[in-house]
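Student: I would like to learn how to read ring contacts and backbone angles in a model. Please take me through them.

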Amino acid sequence: IFSNPNDSLLKLGIKHAGKRVVECDEFKLLAEAAKKYSQELKQTGMAQMDVTRLGNCSRERHSVYMEMYIDNEKRLTKSYKPSGWKRDGSSFVYEKFLLKHGRHSLLIKMKDGENDDSFNYTFEGSIETRAGQTITIDFDEREKRFFIK
């Protein structure tokens, strides 16, 4: 794996879905349609539920954009397109960085929407690597944070 046995490997392996290009809350639309249906049923004794708007919600997602700095050196600036034929799936990030063994500072920034000015998620910390070691950085979808394993 390593060209030099004193090197270590840092892997960035993340699966994350960007925000929708057009925000559309199907549950809210369904609740509104159900409320309208219930009111019409009470008033007239008959009603039809219109759910045509539900099918019109675009599921397309934004790309996930990553920046990564190792020891204050920018080592990654890249956008990862969403998977799926309709660009509605998760983006997959897989990058590898060879490092000399020792202590390294990390700054990782990720954005998953269209806002160009700010990042949605950041990680700032340090890692200690040993010769021949592999360290992986992932993203916890529940906690919405990066973690090292």
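Tutor: We take the aromatic rings and then the backbone of one loop, keeping in mind that this is a predicted model.

Student: How many aromatic pairs are there?

Tutor: The count is 3 aromatic pairs, with ring centres within 6.5 Å as the rule. In one of them, Tyr-121 and Phe-139 meet edge-to-face, with 4.9 Å between centres and 65° between the planes. Tyr-121 belongs to strand S6 (residues 121-129) and Phe-139 to strand S7 (residues 134-140), 18 residues apart, and the pair links distant parts of the chain.

Student: Are Tyr-121 and Phe-139 buried or exposed?

Tutor: Residues under 20% relative accessible area count as buried. Tyr-121 is buried because its relative accessibility is 14%, and Phe-139 is buried because its relative accessible area is 4%.

Student: Which residues do ring pairs link into a cluster?

Tutor: Tyr-121, Phe-139 and Phe-146 make up that cluster.

Student: Which ring has the charged end of Lys-111 over it?

Tutor: That ring belongs to Phe-119, and the charged end of Lys-111 is 4.8 Å from its centre.

Student: Now the backbone. What sign does phi usually have?

Tutor: Most residues other than glycine have a negative phi. Here Asp-71 has a positive phi, near 55°, and Asn-72, also not a glycine, has a positive phi of about 65°.

Student: Where are Asp-71 and Asn-72 found?

Tutor: Asp-71 is in the loop between strand S2 (64-70) and strand S3 (73-80), and Asn-72 lies in the loop between S2 and S3 too. Asp-71 is partly exposed, at 39% relative accessible area. Asn-72 counts as exposed because its relative accessibility is 73%, and the cut-off for exposed is over 50%.

Terms used:
Residues are numbered from 1 along each chain as its sequence is written. This is a predicted model: local features need pLDDT of at least 70, side-chain atom pairs count only at pLDDT 80 or more; totals for chains, interfaces and linings use all residues. Side-chain values use heavy atoms; hydrogens and water are left out. Rings of Phe, Tyr and Trp (its six-membered ring) pair if their centres lie within 6.5 Å; planes under 30 degrees apart count as stacked, over 60 as edge-to-face and the rest as tilted. Helices (H or I, at least four residues) and strands (E, at least two) are DSSP runs, numbered from the N terminus. Buried means under 20% relative accessible area, exposed over 50%, partly exposed in between (1.4 Å probe, protein chains only). A charge sits over a ring if NZ of Lys or CZ of Arg is within 6 Å of the ring centre and within 35 degrees of the ring normal.
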